[in-house]
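Dear colleague,

Please find below the structure that I am handing over to you. My account of what was found in it follows directly after.

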Amino acid sequence: MNPINEAHVSEPGLVVVDVAAADDATALAFQQLLADRWTASPALHTTRDAGEPGVRLRCYLDLRQPLDS
């Protein structure tokens with residue numbers, strides 16, 4: 001994964017989440033669980049690192065938003 005851009009964590013409550021999972025469906029399902037609870041800038045696809053197992057994705061969350069009941 002690329003280094004985290006300082007703008008993505010410039011304020012308290014902003015979070016960068018790196019996900020490693022066995023497959024695309026698992027990674028994207030986990031991302032959707034996060035997006036269902038907080039404002040998120042989701043990844044559109046996963047990436048694969050040559051020689052490494054599984055897939056990865058990075059999404060960005062804004063925890064400053066109130067949780068829906």
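I begin with Thr46, which counts as buried because its relative accessibility is 14%, under the 20% limit. Please note that the model is a predicted one. Thr46 lies in the loop that links E2 and E3. Its side chain makes a polar contact with the side chain of Asp24, at 2.4 Å. Beyond the residues up to four places away in sequence, Thr46 touches Asp24, Ala27, Leu28, Val55, Arg56 and Leu57.

A second residue of this loop offers a contrast. Asp49 is also placed between strand E2 (39-41) and E3, but Asp49 is partly exposed, with a relative accessibility of 31%. The side chain of Asp49 is in polar contact with that of Arg56, at 3.2 Å. Arg56 is also among the residues that Thr46 touches.

Overall architecture

The protein chain contains one helix and three strands, and read from the N terminus these elements follow the order β-α-β-β. The three strands make an open sheet, ordered E1-E3-E2, with antiparallel pairing. E1 and E2 are the edge strands, each of them pairing on one side only. From one strand to the next, the twist averages 30°. H1 packs on this sheet and touches E1, E2 and E3, and its direction makes about 5° with that of E3.

As to the pairing of E1 with E3, these two strands run antiparallel and are joined by eight bridges. Within this pairing, Asp18 stands opposite Arg58 of E3.

The nonpolar core

Which residues make up the largest nonpolar core? This core has ten members: Val17, Val19, Ala21, Ala27, Leu34, Ala43, Val55, Leu57, Cys59 and Leu61. At least two residues each come from strand E1 (14-21), helix H1 (24-37) and strand E3 (55-62). The most is given by E3, which supplies four residues.

Val19 is one of the core residues. Apart from neighbours within four places in sequence, Val19 is in contact with Ala27, Phe30, Val55, Arg56 and Leu57. Of these contacts, Ala27, Val55 and Leu57 are listed among the members of the core. Ala27, Val55 and Leu57 are also touched by Thr46.

Gln31 in the helix

Is Gln31 buried or exposed? Gln31 is found in helix H1, and it counts as buried because its relative accessible area is 7%, under the 20% limit. The side chain of Gln31 reaches the backbone nitrogen of Ala43 at 2.6 Å. Setting aside residues up to four places away in sequence, Gln31 touches Pro42, Ala43, Leu57 and Cys59. Among these, Ala43, Leu57 and Cys59 belong to the largest nonpolar core.

Values for the whole chain

The protein chain has 69 residues, of which 23% count as buried. Its exposed area is about 4,900 Å², and carbon and sulfur atoms supply 54% of that area. Of the contacts with a separation of 6 or more, 59% are between residues that are 24 or more positions apart.

In reviewing the model, you may wish to begin with the two polar contacts of the loop between E2 and E3, namely Thr46 with Asp24 and Asp49 with Arg56, and then turn to Gln31 and the backbone nitrogen of Ala43.

With kind regards

Terms used:
Residues are numbered from 1 along each chain as its sequence is written. This is a predicted model: local features need pLDDT of at least 70, side-chain atom pairs count only at pLDDT 80 or more; totals for chains, interfaces and linings use all residues. Side-chain values use heavy atoms; hydrogens and water are left out. A nonpolar core is a set of buried Ala, Val, Leu, Ile, Met, Phe, Trp, Tyr and Cys residues joined through side-chain atoms within 4.5 Å. Buried means under 20% relative accessible area, exposed over 50%, partly exposed in between (1.4 Å probe, protein chains only). Contact means heavy atoms within 4.5 Å. Accessible areas come from the Shrake-Rupley method with a 1.4 Å probe; for residues, only the protein chains shown count as cover. A polar contact is a pair of N or O atoms within 3.5 Å; within protein, one must be able to donate a hydrogen and the other to accept it, and residues adjacent in sequence count only if both atoms are side-chain atoms. Two strands pair if DSSP finds at least two bridges between them. Axes are lines fitted to C-alpha atoms, for helices over the stretch in contact, and angles run from 0 to 180 degrees between N-to-C directions.
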